[in-house]
Amino acid sequence: MSAQKSVQIVRRGVSEMPKPLEQLSEEEIIKKKCISRVMTHTLSYLTSELVKHGFEWLLPVIFSKSTDPLWPDPGASVEKRVEVEIYGETVRTTLSMIVHKVVACSLAYPKLFTLSPNIRIERKERAHTGIHAYEFTQLDFEVRDATSKQIRTLVEKLLYGLIKNLKRNLKDELTFLGRYENLNVPSKPFKVYDRTDLEHKYGKKWETRVVLEAKEPLWIINIPREFYDFEDFDSGKWDNYDLILPKYGEVLSGSRREWNYRKIVKKMDRDGVNKENFKALLTLAKKGRIKPSAGAGIGIERLVSWITGVKHIGETQPFPKIPGKVYEL
Ligand code: AMP
Ligand code: MG
């Protein structure tokens, strides 16, 4: 693992794969229903809290010319990027809505969120991490003029409230899943660790150590990755963050964003990102129309996997999308 890698792959060796819905026994369907009750409450709680906080709820996009380059995030490992031709134009399926979010937040919706289907054809081996699906949903949000600290504080409040709410309202389901007793309402504020300090302390395997030793959700900051995360060229520090859940791993990535045209171009050139695929963003940035913002994306199935304690993320999906396994539904 590279020292720069975000904390994604800690669990290996999940051997039993979730079955398609139509092959589940009656008993297995009872478990599936408990998980979906947790999913329903989680979505309902998070979206209603964001709406209460003044966020606009935007519907997602599936096909665009421009999507997340997912590069250079060494944690990402898509084996194929889905591109199709429609109306004589090449479009890509959404890898994440980061570009749309930054544009929408700058031009029209200062506080926005979306529940965005992401299609990432992860390498087959990732079936066994238990935390990768090839289709999943991000609760992606962005706030104009926000600082990283403000976004982290909002996420802490949401997670704290969510766990409290679930323990109050879904005691039976969490008990059935064996999670009621050991799912603790996290203490705020969450601890923050700089990636460079963790590298010094734990060496190359810092990710695994941190995830296994964590007793509470925690933040890791300053992770080198894609052009859109803010980087201070003088200090070399990145103003970004990952949220790590104990014994699970990364559930959220976010940052303050780059908005300065020259910096964005410099980073795209440095990283070998094709500027042709980001014409709208670059044109707006050149005109000074991209505004400073910060935000994050939460992997909903990962969050619910952690809450429910399932071995494989596919168990949280009604129709599992497991890397390397293509079911009919
Ligand atoms: P990223 O921008 O790559 O950090 O993705 C944002 C969030 O989406 C991550 O923090 C995860 O919670 C989730 N995520 C990323 N890749 C996958 C995947 N293959 N399957 C399920 N969730 C994922
Ligand atoms: Mg990430």
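In this predicted model, the largest nonpolar core takes in 44 residues, and the members that touch the most others are Phe 141, Ile 151, Leu 252, Leu 303 and Ile 307. Two or more residues each come from α1 (26-52), β8 (135-144), α3 (148-169), β11 (240-245), β12 (249-256), β13 (293-299) and α9 (300-308). The top contributor is α3, which puts in eight residues. Take Ile 151: leaving aside residues up to four places away in sequence, Ile 151 touches Phe 141, Val 143, Ala 146, Tyr 241, Ala 294, Gly 295 and Ala 296. A second core of 16 residues sits apart from this one, with Val 103, Val 273, Leu 281 and Leu 284 among them.

Next come the ligands. Ligand 1 has 15 residues around it, and those that come nearest are Arg 120, Glu 122, Glu 250, Val 251 and Ser 253. An oxygen atom of ligand 1 lies 2.5 Å from a side-chain N or O atom of Glu 250. Polar backbone atoms join in too: one of Val 251 is 2.8 Å from an oxygen atom of ligand 1, and one of Leu 252 is 3.2 Å from an oxygen atom of the ligand. On its own, ligand 1 would expose 470 Å², of which the protein buries 95%.

Glu 250 and Ser 253 turn up again at the magnesium ion (ligand 2), where they are the protein donors, through OE and OG respectively, at 2.2 to 2.3 Å. How buried or exposed are these two donors? Glu 250 has a relative accessible area of 7% and is therefore buried, being under the 20% cut-off. Ser 253, at 25%, is partly exposed.

Definitions and conventions. Residues numbered from 1 in each chain as written. Chains lettered and ligands numbered in written order. Predicted model: local features only at pLDDT ≥ 70, side-chain atom pairs only at ≥ 80, totals over all residues. Heavy atoms only, no water. Donors = N, O, S within 2.8 Å, 3.2 Å for Na, K, Ca; no water. Buried < 20%, exposed > 50% of the residue type's maximum accessible area, 1.4 Å probe, protein only. Core = buried A, V, L, I, M, F, W, Y, C linked by side-chain atoms within 4.5 Å. Helix = DSSP H or I, 4+ residues; strand = E, 2+ residues; numbered from the N terminus. Contact = heavy atoms within 4.5 Å. Near = heavy atom within 4 Å. Polar contact = N/O pair within 3.5 Å; in protein donor to acceptor, adjacent residues only side chain to side chain. Areas by Shrake-Rupley, 256 points an atom, 1.4 Å probe, with all protein chains shown as cover.
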